[in-house]
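Here is a friendly walk through one protein model, meant for a first look. Keep the sequence and the 3D view open as you read.

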Amino acid sequence: LGSGNQVWTMLDIILAVVAAQFTGFLWYNPQTFGSIWLQLTYPPYRKHEFGKYPNSVCYGSASLSAVTVALILSYVLPYLGATSLWASVRSALLLSALTAAVELPHLTFGAQEIGMFAIDKGHNTAVMVVEAVVLYLV
């Protein structure tokens, strides 16, 4: 129903969320960026903080985030003129750049590792692009 009509059903949103969750699984897998992210996020002096939240909270927040992004994209993409696959990807990239720019001061003021920031923002970009593509294709 997407593909130019810009009318999405709840099934379309669910498919976008599933694609986002799979993207996160691949992105933070130990064979991709997971091991590096873990080392940067929890260096030896912060190891005691690992597992601070139960998995249900962590995965619940990831699911809520994916649903929120899918719903917002389904609303915003038509206003951004995303009537083709490339326009959908371009819109997702622009929105991702905007969110990364807003979060940049948190990197510096929070003394975060640049690698962790890059991995996280890369994931956010991948999720937005994947969800935008799914919403366009369905």
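The protein chain has 5 helices and 0 strands. Read along the sequence, its pattern is α-α-α-α-α. Please keep in mind that this is a predicted model. Taken along the principal axes, the C-alpha atoms fill a box of roughly 50 × 30 × 25 Å. The chain has 138 residues, and 33% of them count as buried. Contacts between residues with a separation of 6 or more can also be sorted by distance along the sequence: 75% of them join residues 24 or more positions apart.

**How helix 5 meets helices 1 and 4**

Two packed helices are described by the angle between their axes and the distance between the axes. The table gives these values for two pairs that share helix 5.

| Pair | Axes come within | Crossing angle | Handedness |
|---|---|---|---|
| Helix 4 (residues 85-109) and helix 5 (residues 114-137) | 9 Å | roughly 155° | right-handed |
| Helix 1 (residues 10-27) and helix 5 | 9 Å | roughly 150° | right-handed |

What do these angles say about direction? Angles over 145 degrees count as roughly antiparallel. Helix 4 and helix 5 are therefore roughly antiparallel to each other, and helix 1 and helix 5 are therefore roughly antiparallel as well.

Next come the residues that make these contacts. On the helix 4 side of its contact with helix 5 you can find, among others, Leu85, Val89, Ala92, Ser96, Ala100, Glu103 and Leu107. Their partners in helix 5 include Ile114, Phe117, Lys121, Thr125, Met128, Ala132 and Tyr136. Sorted by class, the residues of the contact between helix 4 and helix 5 are 15 nonpolar, 5 polar and 2 charged.

In its contact with helix 5, helix 1 uses residues including Asp12, Ile13, Ala16, Ala20, Gly24 and Trp27. Among the helix 5 residues they meet are Ile119, Gly122, His123, Val127, Val130, Glu131 and Val134. The contact of helix 1 with helix 5 has 13 nonpolar, 4 polar and 2 charged residues.

**A closer look at lysine 121**

Is lysine 121 buried or exposed? The cut-off for buried is under 20% relative accessible area. Lysine 121 has a relative accessible area of 14%, so this residue is buried. Lysine 121 lies in helix 5. Leaving aside residues up to four places away in sequence, lysine 121 touches Ser96, Ala100 and Glu103. These three names also appear in helix 4's list of residues that meet helix 5.

**Aromatic rings**

How many aromatic pairs are there? The count comes to 5 aromatic pairs. In one of them, the ring centres of tryptophan 27 and phenylalanine 33 are 4.7 Å apart and the ring planes are at 40°, so the pair is tilted. Tryptophan 27 is also one of the helix 1 residues in the contact with helix 5. Phenylalanine 33 has 33% relative accessibility, so this residue counts as partly exposed.

Tyrosine 75 and tyrosine 79 form a pair with ring centres 5.3 Å apart and planes at 50°, so this pair is tilted. Tyrosine 75 and tyrosine 79 are both exposed.

To finish, look for Tyr28, Trp37 and Tyr42, which form one aromatic cluster.

Notes:
Residues are numbered from 1 along each chain as its sequence is written. This is a predicted model: local features need pLDDT of at least 70, side-chain atom pairs count only at pLDDT 80 or more; totals for chains, interfaces and linings use all residues. Side-chain values use heavy atoms; hydrogens and water are left out. Axes are lines fitted to C-alpha atoms, for helices over the stretch in contact, and angles run from 0 to 180 degrees between N-to-C directions. Helices (H or I, at least four residues) and strands (E, at least two) are DSSP runs, numbered from the N terminus. Angles under 35 degrees count as roughly parallel, over 145 as roughly antiparallel, 65 to 115 as roughly perpendicular and the rest as oblique. A crossing is left-handed if the near helix is turned anticlockwise from the far one by less than a right angle, and right-handed if clockwise. Contact means heavy atoms within 4.5 Å. Ala, Val, Leu, Ile, Met, Phe, Trp, Tyr, Cys and Pro count as nonpolar, Asp, Glu, Lys and Arg as charged, and the others, Gly among them, as polar. Rings of Phe, Tyr and Trp (its six-membered ring) pair if their centres lie within 6.5 Å; planes under 30 degrees apart count as stacked, over 60 as edge-to-face and the rest as tilted. Buried means under 20% relative accessible area, exposed over 50%, partly exposed in between (1.4 Å probe, protein chains only).
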